[in-house]
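Biologist: Hello! Could you walk me through this structure, step by step?

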Amino acid sequence: MSSSDDFTRLPQQMWEKVLSKVKKAVVFMDDRCAEALHWSGGAALLLEAGARNVKQFSSFEACGENEPKAVFVVSSLLKGRTVDIIRDIISLSHFQYCVVFTTVAHSVHLLANNVSAEMEGSPVFEQFEEKLCEWMGNMNYTAEVMHVPILFAPVSQQLLLTPTFAHLFPLLSPDLEAINAKRAEKKRFGSLIDADVHSLPVELQLEIKSLAAALNSVFEATGTREESFAVGPMSRMIAGELANHPQAKNRRKTAPNKASIIFVDRTMDLTGAVGHHGDNLVEKILTVLRPLPGHATDVQVDMLELTGVQRTPHSQNTVAPGCLAQTQSSTAQSLWEAMLTNKHKEGVMEVRRQLVEAASKEKLPIKMSMGRVTPEQLCSYVQLFRSSWGALESHCGVLQLGLATAQTLRHPHLPRWDACLAFERLLLQALGDSDFPAVLRQLLPLMKPRGEEGSRSGEDDCGPDELILLLVYLYSLADEAQPADADEEEELEKLERELMGALTLVITQESELSPLLQKLTGCANPEELTTERAHSTVEEMFETLRGLSHTRDHLKQLRSVYTASDGVHQATYRPFLRQILEEVFHPDKPECPDIEHMSGGLTDLLKTGFSMFMKVSRPHPSDNPLLFLFLVGGVTPSELRLVKEVVTVHKPGTQVLVLSTRLLRATDIPTLLFSTQRLTPDIGV
């Protein structure tokens, strides 16, 4: 029987194929593969395997005459821009031996080249090998091209991420309009749940097929037969592709191990993704610290505390940043697990305990203190290690996590977390007592430019980022509000126009654009941002927001994530993921109509027919000893803790492994939600 540990160890094993080819080579790697490697051991793995250097996958890179071997590791199709970059690097170098690894399966390359029939061998890869020899200038030189599924990043014992698909996000109402616009009127879809893979733009079709192929390779490597279930339109498409994958059918006949996998669309519950109710340390670290360049998940940890460098406006660029991924130290890994899945207070206490333990082990002069943990206290412990290079090197992982915690606790934006949480609680209460326009109107007083009379100008001041998150929070709960009269639609439109104007003013009055505003508006600084550009961005946002309240309309049972106040208890948010897990682990194994079984194919259709005449038992997600939850669009650290808690209460001993496209920070959701590339992701074509 395979266990969750087999799957978390698998990413490192998949890198072995790459490591076997890097001896005496210069390795060129794109950002997505670099992020997957980052959580599997980092560049040290390549250098220990004999690589001479590791470089960015860019047309501006090349090698000298004394570097005859290159290994390219890419997460895209061997088409378009990817091919151009490889050709550019080779033409500027003197290679005699080139190896190209792509994470995209050969079957997907065939589809991308409009070949639907199955073919023997790997003709696309073989043709590319010939091109490589041409570019190297000698057909007798050596070229190898192969597929390797190095897509998964083992972020924790409980979580595997797929950085290559970090920007894959479930479809929304505006996307349905775009899909229908290209179809004959009689063939248009009534809702997203009716859409199929073949109706999507080719880029998104290839992205979904590539993800299904990657999942198939994981199950193939572990000898696993999966039962697939889905909740949400995008999840149905991915689960359907996995069920119909040509290699999967053969694997299921002979695989000795069994597992269930439930795909869940992130859009089924955006309240949990943008809300500030998660009492989790890592959630706050991801929110306030700057992302590590080129990474969707990890952050930059300022390491100046560990050096004698004076802090100046430019000193941050002097010392390389630390990060959260600590793969070299088992102590740091266990601390990371505690920070990721414990409550905020427990996580902070564990950080202090580990720092004290490390200092004691190195006989450093530590002053013990009890009570509340402060960022100053953590920094004073960290600074003790500056005097001993050996101690610093031995405990570098724990020190980086300690600094990440201290920098988060003293960050000027952290008070906004509590301010947003307080306002979200007020909105939750109001939803049970008022119609949606009345609740939405409560946001208007907050929408004032910073420093304007009547606006809050303290550290807990809600800026544009927080206002956008509150809008997403509220619109994703809109269906939970009290039903209104017939005039509501007109009142809502008028109110939305007011909100659009107010939010446009707030954004245009900003002295500096946050990373979120830069992504949404496409402007790097306030000087570039015109009022027209800001208003156009806000209008498009509201068009998307209006569809959020209907994402659960097709569900029969799990339609609500809200419990209204009963006069004794306050209104509460009920996480969608908790509801799914409680259904899965219910002792009576009831059949939930919203968790759709997708693996059956013809057999399932026959069972459906027979069930009209006799009782037929369908597969249930809890039938198998191992359960995968795949959250399409991202998972939050709080949800990881929730999974752990629900399993402990309802079915202790069950192995549950979470798979997702990314570990979410709250501001990721608006970026993904209002992206214009949801239907046409960048797959290197």
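Modeller: Gladly, and let us begin with a term: a residue is called buried when its relative accessible area is under 20%, exposed when over 50%, and partly exposed in between. Please keep in mind that this is a predicted model.

Biologist: Thanks! Is Ala70 buried or exposed?

Modeller: Ala70 sits in strand 3, which covers residues 69-74. Its relative accessibility is 0%, and the cut-off for the lowest class is under 20%. Ala70 therefore counts as buried.

Biologist: Which residues does Ala70 touch, apart from those up to four places away in sequence?

Modeller: Contact here means heavy atoms within 4.5 Å. With residues up to four places away in sequence left out, the ones touching Ala70 are Ala25, Val26, Phe28, Phe95, Tyr97, Cys98 and Val99.

Biologist: How many Å apart in space are Ala70 and Pro625?

Modeller: Along the sequence, 555 residues separate Ala70 and Pro625. In space, from C-alpha to C-alpha, the separation is 43 Å.

Biologist: And what separates the C-alpha atoms of Glu596 and Ala230?

Modeller: Glu596 belongs to strand 12 (residues 596-597), and Glu596 touches Ser228, Phe229, Ala230 and Arg236 once residues up to four places away in sequence are set aside. Glu596 and Ala230 are 366 residues apart along the chain, yet their C-alpha atoms are separated by 5.2 Å.

Biologist: Let us turn to charges. How many salt bridges does the structure hold?

Modeller: To count one, we look for a side-chain nitrogen of Lys or Arg within 4 Å of a carboxyl oxygen of Asp or Glu. Some are linked in a network, such as the one with Glu226, Arg251 and Arg252. For the structure, the count of salt bridges is 24.

Biologist: How many residues apart in sequence are the parts that Glu305 and Arg410 tie together?

Modeller: The side chains of Glu305 and Arg410 meet in a salt bridge, at 2.9 Å from N to O. Glu305 is in the loop between helix 12 (281-288) and helix 13 (330-341), while Arg410 is in the loop between helix 17 and helix 18 (414-433), so the parts tied together are apart in sequence by 105 residues.

Biologist: In that pair, which residue is buried?

Modeller: Arg410 has a relative accessible area of 38%, so Arg410 is partly exposed. The other partner has 11%, so the buried residue is Glu305.

Biologist: Why do residues three or four places apart in a helix point the same way?

Modeller: It comes down to counting residues around an α-helix. Residues three or four places apart point the same way because each turn has 3.6 residues.

Biologist: Which residue meets Arg353 in a salt bridge?

Modeller: Arg353 lies in helix 14 (residues 344-361), and its partner lies in that helix too, three residues away, about one turn. Arg353 is partly exposed at 40% relative accessible area, whereas the partner is buried at 18%. The side chains meet at 2.9 Å, N to O, and the partner is Glu350.

Biologist: Arg641 and Glu645 also meet in a salt bridge. Which of them is buried?

Modeller: The side chains of Arg641 and Glu645 meet at 3.1 Å, N to O, and the two residues are four apart in helix 26 (residues 637-650). Glu645 has 34% relative accessibility, so Glu645 counts as partly exposed. With a relative accessible area of 12%, the buried one is Arg641.

Biologist: Which helix gives the most to the negative patch?

Modeller: On the surface, Glu177, Glu539, Glu540 and Glu543 gather in a patch of negative charge. Glu540, for one, is partly exposed at 46% relative accessibility. With three residues, the helix that gives the most is helix 23.

Biologist: Which helix do the buried residues of helix 7 pack against?

Modeller: Helix 7 covers residues 173-181, and its buried residues are Pro174, Asp175, Leu176, Ile179 and Asn180. These buried residues pack against helix 23.

Biologist: One last thing: what is the phi of Lys363?

Modeller: Lys363 is in the loop between helix 14 and helix 15 (375-383), and Lys363 is exposed, with a relative accessible area of 75%. Although Lys363 is not a glycine, its phi is positive, at about 55°.

Conventions. Residues are numbered from 1 along each chain as its sequence is written. This is a predicted model: local features need pLDDT of at least 70, side-chain atom pairs count only at pLDDT 80 or more; totals for chains, interfaces and linings use all residues. Side-chain values use heavy atoms; hydrogens and water are left out. Patches are made of residues with over 30% relative accessible area and no salt bridge: like charges are joined within 9 Å, nonpolar side chains (Val, Leu, Ile, Met, Phe, Trp, Tyr) within 5 Å. Accessible areas come from the Shrake-Rupley method with a 1.4 Å probe; for residues, only the protein chains shown count as cover. Lys and Arg count as positive and Asp and Glu as negative; His and the chain ends are not counted. The place of a charge is taken as NZ of Lys, CZ of Arg, CG of Asp or CD of Glu. Buried means under 20% relative accessible area, exposed over 50%, partly exposed in between (1.4 Å probe, protein chains only).
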